[in-house]
Amino acid sequence: MAAKIVFFPHSDKEFKDQEDLRRWLKYDLKGFRNGFYSVINANGLGELERGSLVFFNKGKYCVGFAIVEEGLRNITEEEKDKFGKDYKKCIKFLPESICVFNDDQLIKLEDIKKLINKSFGQGYPTVENIEDLLRIFKLIGTK
């Protein structure tokens, strides 16, 4: 399998708003967890391989991104004890790749949809080609 480019939505059960998610990405995921991201339900996320690029979104906004260091796998008993019994799977991101956008860098998902000509319903939308990815980064760079 090849590395993917995917948008990872977050529910209100985990994070109340985009600021809550940004804070968690910046301080917990990048710092305390050293890139270890546990998930309750990974249905539809697919197999994320090393090198996959994941954009994090909450509500109407994309709030940051990271690169996968270790792909999706089952969580160990030790990890369940540390991070919670409800979690079934995990992904390890390269901590140094975790980029969290500032207030003025937040990107509306509506703008990304227009750029890549794709809808963002339920699930984990993917970017299929490098040209679309470059358009997304250009949008980020103009903020």
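1. A convenient place to begin is Glu78, which is found in helix α2, the helix that covers residues 77-83. The model discussed in this note is a predicted one. Glu78 counts as exposed because its relative accessibility is 67%, and the cut-off for that class is over 50%. Although Glu78 and Phe56 are 22 residues apart along the chain, their C-alpha atoms are separated by 26 Å in the model.

2. Phe56 leads on to the interior, since Phe56 is listed with Phe7, Tyr37, Phe55, Phe93 and Ile112 as the residues with the most contacts inside the largest nonpolar core, which has 39 residues in total. At least two residues of this core are supplied by each of the strands β1 (5-9), β2 (36-39), β3 (53-58), β4 (61-74) and β5 (89-93), and likewise by each of the helices α1 (18-32), α3 and α4. The largest share comes from β4, which gives six residues to this core. Apart from this core lies another one, of five residues, among them Phe36, Phe83, Tyr87 and Cys90.

3. Phe93 deserves a separate look, and the reader may wish to trace its surroundings in the structure. Leaving aside residues up to four places away in sequence, Phe93 touches Leu29, Asn34, Gly35, Tyr37, Val54, Phe56, Ala66, Ile67, Val68, Glu69 and Ile98. Two of the residues named above for their many contacts inside the core, Tyr37 and Phe56, are therefore also among those that Phe93 touches.

4. Lys89 is found in strand β5, and this residue is classed as partly exposed because its relative accessible area is 27%, which falls between the limits of 20% and 50%. The side chain of Lys89 makes a polar contact, at 3.0 Å, with the side chain of Asn74. The C-alpha atoms of Lys89 and Leu115 are separated by 31 Å, with the two residues 26 apart along the chain.

5. Leu115 brings in the last topic, the packing of two helices. In general, two packed helices are described by the angle between their axes and the distance between the axes. Here the axes of α3 (residues 109-116) and α4 (residues 130-141) come within 9 Å and cross at roughly 145°, and the crossing in which α3 passes α4 is right-handed. On the α3 side the contact is made by Asp111, Ile112, Leu115 and Ile116, while on the α4 side it is made by Asp132, Arg135, Ile136 and Leu139. Sorted by class, this contact of α3 with α4 has five nonpolar and three charged residues, and no polar ones.

Terms used:
Residues are numbered from 1 along each chain as its sequence is written. This is a predicted model: local features need pLDDT of at least 70, side-chain atom pairs count only at pLDDT 80 or more; totals for chains, interfaces and linings use all residues. Side-chain values use heavy atoms; hydrogens and water are left out. Axes are lines fitted to C-alpha atoms, for helices over the stretch in contact, and angles run from 0 to 180 degrees between N-to-C directions. Helices (H or I, at least four residues) and strands (E, at least two) are DSSP runs, numbered from the N terminus. A crossing is left-handed if the near helix is turned anticlockwise from the far one by less than a right angle, and right-handed if clockwise. Contact means heavy atoms within 4.5 Å. Ala, Val, Leu, Ile, Met, Phe, Trp, Tyr, Cys and Pro count as nonpolar, Asp, Glu, Lys and Arg as charged, and the others, Gly among them, as polar. Buried means under 20% relative accessible area, exposed over 50%, partly exposed in between (1.4 Å probe, protein chains only). A nonpolar core is a set of buried Ala, Val, Leu, Ile, Met, Phe, Trp, Tyr and Cys residues joined through side-chain atoms within 4.5 Å. A polar contact is a pair of N or O atoms within 3.5 Å; within protein, one must be able to donate a hydrogen and the other to accept it, and residues adjacent in sequence count only if both atoms are side-chain atoms.
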